[in-house]
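The following exercises concern strand order, helix packing and charged side-chain pairs. Please work through each task with the sequence and the model in view before reading its solution.

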Amino acid sequence: MFLLIFYIVAVISIQHVVSFQQYQKYTSCAQNRLYPSTQIPRIIQYTTHTTTTTRHISKLTQLNGWVQDSDGEWSWKEDDPNSASAIATETLVLNADSINTQATPSLPAGAFRPKQSLGQNYLRDGNTVAKIVKAFVSDATFTLQAGVSSPSSSAGEEDSNEEEENNTLKNTDLRAVELGPGAGALTDVLLPALGTNNLQCIEIDDRSVELLNDKHPNLRVCHEDVLQVNYPQLSELEGGPLSIIGNLPYYITSQILFALADASHSNSIRSATVTMQWEVGRRIVAPTRTKDYGILSVVFQLYADCNIHFKIPPTVFYPQPKVDSALIGLHFLGPTKLRRRLGGVNPSHLRSVVTSTFQQRRKTVRNGLKSLALSVYNGDKEKVVEFLDGNPCPLPQCVLDAQASGDEFALKQELPDDWAKKRPEELTSGQFVEITRMLYGPKEEDVKWEESILNDKVWRKMKHGSNEK
């Protein structure tokens, strides 16, 4: 009898041990999926979470990104087709909430080591990937709607393509281009949402090109240096302005951004949603009178509406960078609105003024512009003094009209009388435009700003990209 009782107790104990080992194996897999190269947390906390959707309300058990439904099935929490983030709304354009997330992206074992020479840091976190794609869709669709409804598309102005004048927005209008897809973390989410006809990738790494072709045989992948892309030509082939997305290499971020700014001269780029070093992102959106305010601030606050979507920690990349990153959204104005802001000023002249002053940012604008003014006036010192001590030019009528309508950019465009005594970081983008007008012209109040020339290459380096036209 004693042996029988001992046998029963032993069997029950073994069953409990096996069950616990199976549970440990499962949670270990889940943790490895979430933390592929980091230490697995020792303490696992359970919480009850109630998710409300438009279809049903169910109680779910949540474990570090995994959820268990009433039937005991486990899944990544945003893979649930009924979750709030996965419910598509019935709109004519792709809605950011219709983007489905996926679990942590994976890389081919041992065969796909990131190249430091290309500045490769691969995204490895599914939630971050989904947030980036949703922000991209939000930026692209916002600029699509602005292109249809903006007053700048009225009669006599050709800032929008003919197809955007139909007041009908479609997913195909996004014309998405991904810069540097790498192992395809963003691509894997973009492709199901947009389709192969509405997405193409620019990639210089032949290993990435081969990998993407194997994963997605119908995906259009252009094997090219992103700095050499001819955006006007690409836009023409695609049938309209492009929407850019990308996880940019840190070391060429500025040059990529300048190339996009130049491309906006021909209305080739509508929006850009791109990752970059946190410090660079802060410079783009920095206000005047701050240490972050500089050339990037002046250029992109002139060319686009800029915002930081969110900060990105190093832990979501492989290998991990030593700095934080940012996702930046740029809504480019397009050539008509840009011409109005410039009021006839040549962007190439503006570049000379901005770079000359910020090269000596600790000195006054007067000191920064002396050499440039001497060059423009062929060494005539009297004209240089007249320029540096002279009163600002009258604002052109297009700027006055914008001020009357309450335009914030135009309201900060007028120069103070003591502008030459200011330091560069004290002046707005619009005020740099007016300094350029004083130095180069046109100085008349009623300029023909609609006919002003926007050059093919202004901000990007001459060695980057072929002649655009």
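Three exercises with worked solutions follow, all based on a predicted model.

**Exercise 1. The sheet**

Determine the order of the strands in the seven-stranded sheet, and state which strands stand at its edges.

Solution.
Step 1. Reading across the open sheet gives the order β8-β7-β6-β9-β10-β13-β11, with mixed pairing.
Step 2. The edge positions belong to β8 (220–223) and β11 (304–312); each has a single partner strand, so one side of each is left without a neighbour in the sheet.
Step 3. From one strand to the next, the twist averages 20°.
Step 4. Within this order, β6 (residues 176–179) and β9 (residues 242–247) run parallel and are joined by four bridges. In this pair, L179 of β6 stands opposite G246 in β9.

**Exercise 2. Helices across the sheet**

Identify the strands that helices α3 and α8 lie across, and give the angle of each helix to one of those strands.

Solution.
Step 1. Helix α3 (residues 187–194) lies across β6, β7 (199–203) and β9. Its direction makes an angle of about 155° with β7.
Step 2. Helix α8 (residues 295–303) lies across β11 and β13 (325–332), and runs at about 120° to β11.
Step 3. The edge strand β11 is thus one of the strands that α8 lies across.

**Exercise 3. Salt bridges**

Locate the partners of D188, R220 and K311 in the chain, and classify D188 as buried or exposed.

Solution.
Step 1. Side chains of opposite charge can pair when their charged atoms come close. With a cut-off of 4 Å between nitrogen and carboxyl oxygen, the count comes to 10 salt bridges.
Step 2. One of them joins D188 to K215, at 2.8 Å from N to O. The pair links helix α3, which holds D188, to helix α4 (residues 206–215), which holds K215, across 27 residues. D188 has 18% relative accessibility and counts as buried because the limit is under 20%. K215, at 33%, counts as partly exposed.
Step 3. R220 pairs with E238, their closest N and O atoms being 2.9 Å apart. R220 lies in strand β8 and E238 in helix α5 (residues 231–238), 18 residues apart. R220 is partly exposed, at 30% relative accessible area.
Step 4. K311 forms a salt bridge with D324, with 3.5 Å between the closest N and O atoms. K311 belongs to strand β11, whereas D324 is in the loop between β12 (317–318) and β13, 13 residues apart. K311 is partly exposed at 44%, and D324 is partly exposed at 28%.

Definitions and conventions: Residues numbered from 1 in each chain as written. Predicted model: local features only at pLDDT ≥ 70, side-chain atom pairs only at ≥ 80, totals over all residues. Heavy atoms only, no water. Pairing = 2+ DSSP bridges. Helix = DSSP H or I, 4+ residues; strand = E, 2+ residues; numbered from the N terminus. Axes fitted to C-alpha atoms, helices over the stretch in contact; angles between N-to-C directions. Contact = heavy atoms within 4.5 Å. Salt bridge = Lys/Arg side-chain N within 4 Å of Asp/Glu carboxyl O. Buried < 20%, exposed > 50% of the residue type's maximum accessible area, 1.4 Å probe, protein only.
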